[in-house]
Amino acid sequence: MAATVSFTIDSAAGRLPLTVSCERRGAGEPLLLLHGIGHHLQAWEPVMDLLAADHEVYAVDLPGFGASAPLPEGVEYGLASVVPVLGQLCAALGLDRPHVAGNSLGGLLALEMGRRKLARSVTALSPAGFWNETERRYAFTTLLAMRAGARGLPRPAIEKLAESAAGRAVLTSTIYARPGRRSPEAVVAETLALRTATGFTATLAAGRGVRITEDIPGLPVTVAWGTRDRLLLRRQGVRAKHALPGARLVRLPGCGHVPMNDDPALVARVIRDTTRMPAAA
């Protein structure tokens with residue numbers, strides 16, 4: 001069950017309070033899990049127990065998503081603000097440079113944590129930031145349509161759709177290659193999380209100018225991409241390999257944009273393989 005962590009963050013107005021929702025499992029070297037835009041920490045549920053066999057796993061709701069509070073007024077949702085907040089969250093949890101795995105927005109944040117030496121290894125699953133302008137506009141338009149759909153459907157209609165595999169496909173096939181595997185309860189919860197995410201609009205706006213071009217030397221980095229990703233197309237993985245020549249590029253056969261649901265065993269193995277890699281000199 002998720003708990004809350006309260007701490008203070010640095011801002012132009014001084015130290016401000018923030019409360020973040022977090023779920024912890026397992027024992028071993030710490031591993032921080034970061035979800036994508038509009039999602040919540042439960043996106044990692046299919047792999048958490050697998051990873052907890054080797055790691056002390058922390059899945060968190062990013063500020064402004066899931067059950068976490070929004071960033072305080074005056075604190076922006078861009079990389080320059082959110083990554084230091086994640087560093088302060090790690091300090092509040094007593095984590096010294098955890099391994100970090102992230103999906104989509106979470107993958108972008110994980111890579112930036114690695115670049116700022118806040119992580120000891122990084123696994124980025126379909127990370128944002130390797131798009132060209134056409135691909136970015138396509139992804140943002142799709143996300144806005146998903147958000148509009150989640151906000152426009154009454155909760156009883158969402159619950160009714162989630163009862164069948166076909167209905168779950170209607171709600172989530174953009175992000176899952178195998179939406180029928182997701183439980184009705186999980187689909188309802190994540191659709192409502194997308195609807196109520198207070199940080200969604202500001203995060204999307206902050207992402208317009210993001211494009212990753214710098215390598216992350218001296219750190220084990222894996223970029224993994226689902227072969228059936230319909231949101232951030234898999235050719236962006238090749239672009240990621242060019243931008244991060246020191247990273248390992250892994251294909252996830254049959255997986256969509258949020259691969260933890262489509263093939264939990266494969267995703268857990270890719271993350272564990274990264275955490276076991278030695279750091280480069």
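Lysine 117 sits in the loop between α3 and β6 of this predicted model. Its phi is near 60°, a positive value in a residue other than glycine. With a relative accessibility of 48%, lysine 117 counts as partly exposed. A positive phi also turns up at serine 104, about 60° and again not in a glycine. Serine 104 belongs to the loop between β5 and α3, and its relative accessibility of 8% makes it count as buried.

Both loops lie along the route from β5 to β6. The chain gets from β5 to β6 by way of helix α3 (residues 105-115), in a right-handed β-α-β crossover. The two strands run parallel and are joined by five bridges, with glycine 102 bridging to alanine 124 of β6. Strand β6 (residues 121-125) is well wrapped up, with five of its five residues buried. Ser121, Thr123 and Leu125 are buried on one side, and Val122 and Ala124 are buried on the other, so to speak covering both faces. That split fits the usual pattern: in a regular strand, side chains alternate between the two faces of the sheet. β6 also pairs with β7, in the parallel sense and over four bridges; here valine 122 has valine 221 of β7 as its bridge partner.

Moving across the sheet, β5 (residues 99-103) pairs with β3 as well, parallel and over four bridges. Leucine 31 finds its bridge partner in β5 at histidine 99. Strand β3 (residues 29-34) is mostly covered too, as five of its six residues are buried. It pairs in the parallel sense with β4 (residues 55-60) over six bridges, and leucine 32 is matched with tyrosine 58 of β4. The connection from β3 to β4 goes through helix α1 (residues 45-52), and this β-α-β crossover is right-handed.

Next comes the packing of nonpolar side chains. The largest nonpolar core has 86 residues, and Leu33, Leu34, Trp44, Leu111, Met113 and Leu244 are the ones that touch the most other members. Helix α2 (residues 79-93) gives the most to this core, with seven residues. Leaving aside residues up to four places away in sequence, leucine 111 touches Val122, Ala124, Pro127, Phe130, Ile212, Ile216, Val221 and Leu244. A separate core of six residues lies apart from the largest one, and includes Ile158, Leu171, Val187 and Leu192. Such grouping is no surprise, given that nonpolar side chains tend to be buried together in soluble globular proteins.

Two of these, Val187 and Leu192, are also among the buried residues of helix α7, a list that includes Ala186, Val188, Glu190 and Thr191. The buried residues of α7 pack against α4, α5 (155-162), α6 (165-172) and α8 (200-206). The geometry of α7 (residues 184-196) checks out: at 1.5 Å a residue its 13 residues should span 18 Å, and the end C-alpha atoms are 19 Å apart, which agrees.

Helix α9 (residues 235-243) is the last element here, with Gln236, Gly237, Ala240 and Ala243 buried. Viewed down the axis of α9, these buried residues fall within an arc of 115°, so they line one face of the helix. An α-helix has 3.6 residues a turn, so residues three or four places apart point the same way. Among the elements covering the buried residues of α9 are α4 (133-152), β7 (221-226) and β8 (248-252).

Technical notes. Residues are numbered from 1 along each chain as its sequence is written. This is a predicted model: local features need pLDDT of at least 70, side-chain atom pairs count only at pLDDT 80 or more; totals for chains, interfaces and linings use all residues. Side-chain values use heavy atoms; hydrogens and water are left out. Buried means under 20% relative accessible area, exposed over 50%, partly exposed in between (1.4 Å probe, protein chains only). Two strands pair if DSSP finds at least two bridges between them. A crossover is right-handed if, with the strands pointing away from the viewer, the path from the first strand over the helix to the second runs clockwise. The arc is that of the directions from the helix axis to the C-beta atoms. Contact means heavy atoms within 4.5 Å. The expected span of a helix is 1.5 Å times one less than its number of residues. A nonpolar core is a set of buried Ala, Val, Leu, Ile, Met, Phe, Trp, Tyr and Cys residues joined through side-chain atoms within 4.5 Å.
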